[in-house]
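Welcome! Here are two short exercises to work through with the structure open beside you.

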Amino acid sequence: MTSILTYTFKNLSATSKWALRSSVRHLSCSSQLQAAPAAQTKSKKTLAKPNLRNIVVVDGVRIPFLLSGTSYKDLMPHDLARAALSGLLHRTNVPKDVVDYIIFGTVIQEVKTSNVAREAALGAGFSDKTPAHTVTMACISSNQAMTTAVGLIASGQCDVVVAGGVELMSDVPIRHSRQMRKMMLDLNKAKTLGQRLSLLSKFRLNFLSPELPAVAEFSTSETMGHSADRLAAAFAVSRLEQDEYALRSHNLAKKAQEEGLLSDVVPFKVPGKDTVSKDNGIRPSSLEQMAKLKPAFIKPHGTVTAANSSFLTDGASAMLIMAEDKALAMGYKPKAYLRDFIYVSQDPKDQLLLGPTYATPKVLEKAGLTMSDIDAFEFHEAFSGQILANFKAMDSDWFAQNYMGRKTKVGSPPLEKFNMWGGSLSLGHPFGATGCRLVMAAANRLRKDGGQYALVAACAAGGGHAFNLSTHEAKGGGSP
Amino acid sequence: MVASRAIGSLGRSHAFRIFRCRGCICRNFTASSALLTRTHINYGVKGDVAVVRFNSPNSKVNTLNKEVQSEFLDVMNEIWANDQIRSAVLISSKPGCFVAGADINMLASCTTPQEATRLSQNGQRMFEKLEKSTKPVVAAISGSCLGGGLELAISCQYRIAIKDRKTVLGVPEVLLGLLPGAGGTQRLPKMVGVPAAFDMMLTGRNIRADRAKKMGLIDQLVDPLGPGIKPPEERTIEYLEEVAITFAKGLADKKISLKRNKGLMEKLTSYAMTIPFVRQQIYKTVEEKVRKQTKGLYPAPLKIIDVVKTGLEQGDDSGYLAESQKFGELAMTRESKALMGLYHGQVLCKKNNFGVPQKNVKHLAVLGAGLMGAGIAQVSVDKGLTTLLKDTTVAGLSRGQQQVFKGLNDKVKKKALTSFERDSIFSNLIGQLDYQGFEKADMVIEAVFEDLSIKHKVLKEVEAVIPEHCIFASNTSALPINQIAAVSKRPEKVIGMHYFSPVDKMQLLEIITTEKTSKDTTASAVAVGLKQGKVIIVVKDGPGFYTTRCLAPMMSEVMRILQEGVNPKKLDTLTTGFGFPVGAATLADEVGVDVAQHVSEDLGKAFGDRFGGGTVELLKQMVSKGFLGRKSGKGFYIYQEGSKNKSLNSDMDSILASLKLPAKPEVSSDEDIQYRVVTRFVNEAVLCLQEGILATPAEGDIGAVFGLGFPPCLGGPFRFVDLFGAQKVVDRLRKYEAVYGKQFTPCQLLLDHANNSSKKFYQ
């Protein structure tokens, strides 16, 4: 990604036609910035890079995130994605033919719609001339969709890109066993009755035992919950701390829902069922109730339970990303700038869920910011234990020095700025769709509270991603 | 029970305790509890749980020596006496080791069976008290839990172990010619069932934690932790302790049941074991199997069966009594002394006595992807060494690559590796046909055909491409290294590394240094060998070095015996009956008849009469007929793919008939045949020490046992001379010398030992 950006950067100095145009626009843009009175009190500086286009998120939506096995259970992934796309069209009124490209992230692929972005786009009425592709990168798949969009726009290949993500965990591809598949494929090729019979004679009853999609990491054969439990133990995170954090997430989500802050949610009329308009996984409980649960992964002494983990979720999200100049020219009031981002990866065994710890200091350094500059943190909550372990890791000089090659710790984010509208623990975590939810929550929180910088971070099966957003350098961005 | 209470109440008197405790100078009062600082064992109290920590100072492992035992008893007595304490956790502060076993030196210092029996009884008494503890005791195991350590653990009420590769449980006493003498023979059968207990005690195998859980040997697994607020090992131990404490509390509160859910198979087995007839059948089958495998040469396995039987049939008291008595008897046997000697030798040969090499070998190159080359590559890549494997043909190279892959994949099948680890290890192997990348190599090991001119050719080629510091090692079984080094521009960087086939199974590496080899080169070669997991002997250069040189006269005698009309099968039975793991004729087939021919011709030229006996003609004719041994499918035996049974190669009859020599009846009894083979081996080994090829007898014993299969129950040629008596060996040699001549003439060093019975190779 960075290579694309640098490449563009070099190209920009060339006086190609569009580069000229772009730099002119850039000028106009920055002049607007200068001309703008400092409406916000704490506007610090711009994160814009010289000779690079400013990229903005115009708006983003998601259908309600539902517990798996509830209202969406009879649908297919592209149905959810289509609903999100329709919602986006409705919300932004973007003319379909303006969209240059569509990218979706997903994790567990429905084999019938392996390029789910394209299937959903066609169904949602986008032009069949608009290319679409699907990306996958564990829990940061839609982050990958967004940053791919950023790359396409920054390099001048596109002006308007729709990025999103979808996951339907009510249904997963359960396959025939390899032996059965092999026999069926061989049967296809068998020409004579004799060949067929001899193939069939090799059939054994155990061929019929199905092959479930792996819940475990391929490289380590460990499930994520198991790894989270070990991670929590490694950082000495207690069961009580985890339950308390989970309770906080549910309470905050409930509050945000009641106050109507979750404005990215668009209602979805489920075919044959009622219209769904609210996330249904938010269930504030009590510490006493939560303490009764048995550990879900490491039994009997583990600390990760169903109540302090994110649950299996169905959902989809989509957002409209544009070059700032294009957005302004079309009369939009963008929600935020998409600025620096970074991807990291680490040991898939013992640091499976430590992505935010590694990514946060790097992305801050890239942008020249510190933790205290950030007004809104939106981190993906895979497990309470994972979030708290990341906090402890970020707050440990020892860890920074011994594992991250840094001189000092970056510090853990202040809780009063952290996931204030709930998180994946309470809102749900449809793998492929979470990234866009995080970015929209961050942008909306900045708008609501008048903050300037937001930091989004997520862990992803031994990887991680962090993204900087900023608002009121966004000239032309309207009031929240 | 009564005893423990009594001692417990004695312990309550504080002053008394201080007087009794040796080596305890300072007392350490902390907020949580009054701590008495002991040398090996400490304990603290967390809530109502006592945490007893084993940590022997200045040692990588904890062993149960006399001091540890007495400190442990002290501590436990205090715990039993303290009303505030309701349960206890036993844990080691050393990440890689819980308790590695009893102290071998403690045993070695015993001079009579009675002394050893007393040691066993002390252990039994200690563990009996632990077993009958009214306060639940939880063993929290991380790292090796072996021998006495496991006996300690199974005397506790509950066991929790870390699920990692370092944590292994086992009773390896049988490998030292002993039996588990602190209650192990009595408790294990009750805990894991008779068949599994026999398997553990008779093989001495290490059992990984997850397997141990399935067997019922431990009750709970704890996963190892990654990096967190502390280094992983440290935090994992801490976590283990935290978990163990919650279990100890649960046990004290009777919230956790000690009953284990048994599977259906287990229930059936344990039911079957209640039928006397079934038990008798099991004893019988196991005993037959043991007799067949040990040929009656190892007393320990039979005694183990005996002791288990006594316990099960006549009750605990008789069982424990039998255990301690048989333990005492075994400790005094020659076999046990020999095996313990090997253990010590092995420890010695796992050290680098040549210092730290200036440059760590990170990039290795192996020339020749044959059986040896690929084997060397395999044991290198799986230790993380980037290895270039070069051959001259695509076919040869891919055969070698497949061998490495198969070796790794077999480990996956045995669950010793995951398929992911296999792939990542295999990516360390780079197969190629040219010298690309050799400019980065730190060491090149050649395993090309055993021909001096070819070795010279590759040496020159390699020296043209490798960097200044790179070491050239030759894997040869007989070609003198100084001859190979003769064409080198920098002979100080040339060394011999003689691996044994199959490389991934055979533990020995014989490193050969010439006059010119630098010390740093040797240090580097030893370091690489140790990394590859080898037991290493370092010998001086000379025809056949040490191992091949000892093997050659023995094989020469074997040929002679065959020529005298002894059937190869009979010969195999005789040699395995003496303790060789592989029969002599089979050994020739395994080594390769062509290799044997090469070696015996070369060494015959170098040593003349002393290597006489059989004629090389026998080997030559076999080679000319294509009977190269296992690799060609035919040798003395016929080998068939997939079949373990081998039949005699009847085509050999005519060859043997044409070379037949008259047998000498006075030296052709079964015993004489055995001793003819063995004494020639031993004589040559002693001569190697006399000539300075070998630096120490210990290396000679390790080389002979681990490289050539010299009977382990004899402990190696030098131990054999010590235990059997040098005079007796000389007498035998003189007897055969009288019949056959010079090849049996005892060497001077052996004669010296015979003349002075106080002279021993091992003092």
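Contact here means heavy atoms within 4.5 Å. Keep in mind that this is a predicted model.

**Exercise 1. Describe how chain B meets chain A.**

Step 1: Start with the contacts. On the chain B side, 19 residues touch 16 residues of chain A.

Step 2: Turn to the area. About 1,600 Å² is buried between the two chains, and carbon and sulfur atoms give 64% of that. Within chain B, the residues that lose the most area to chain A are Pro227(B), Ile229(B) and Phe420(B), which together make up 34% of what that side buries.

Step 3: Find the elements involved. Strand E12 (220–222) and helix H10 (232–252) of chain B each give two or more residues to this side. The largest share, five residues, belongs to H10(B).

Step 4: Sort the chain B side by class: 12 residues are nonpolar, four are polar and three are charged.

Step 5: Look for polar links. The rule finds zero salt bridges between chain B and chain A, while five residue pairs are in polar contact.

**Exercise 2. Is Glu510(B) buried or exposed, and what surrounds this residue?**

Step 1: Place the residue. Glu510(B) sits in strand E19 (residues 508–513) of chain B, and an unreviewed UniProt entry annotates Glu510(B) as "active site".

Step 2: Apply the cut-off. Glu510(B) has a relative accessible area of 0%, and buried means under 20%, so Glu510(B) is buried.

Step 3: Look around. Beyond its neighbours within four places in sequence, Glu510(B) contacts residues including His498(B), Phe500(B), Val539(B) and Tyr546(B).

Step 4: Zoom in on Tyr546(B). Its backbone nitrogen is 2.9 Å from a polar atom of the Glu510(B) side chain.

Definitions and conventions: Residues numbered from 1 in each chain as written. Chains lettered and ligands numbered in written order. Predicted model: local features only at pLDDT ≥ 70, side-chain atom pairs only at ≥ 80, totals over all residues. Heavy atoms only, no water. Buried area = accessible area lost by both parts, 1.4 Å probe. Salt bridge = Lys/Arg side-chain N within 4 Å of Asp/Glu carboxyl O. Polar contact = N/O pair within 3.5 Å; in protein donor to acceptor, adjacent residues only side chain to side chain. Helix = DSSP H or I, 4+ residues; strand = E, 2+ residues; numbered from the N terminus. Nonpolar A, V, L, I, M, F, W, Y, C, P; charged D, E, K, R; others polar. UniProt positions renumbered as here; feature names shortened; annotations may be inferred. Buried < 20%, exposed > 50% of the residue type's maximum accessible area, 1.4 Å probe, protein only.
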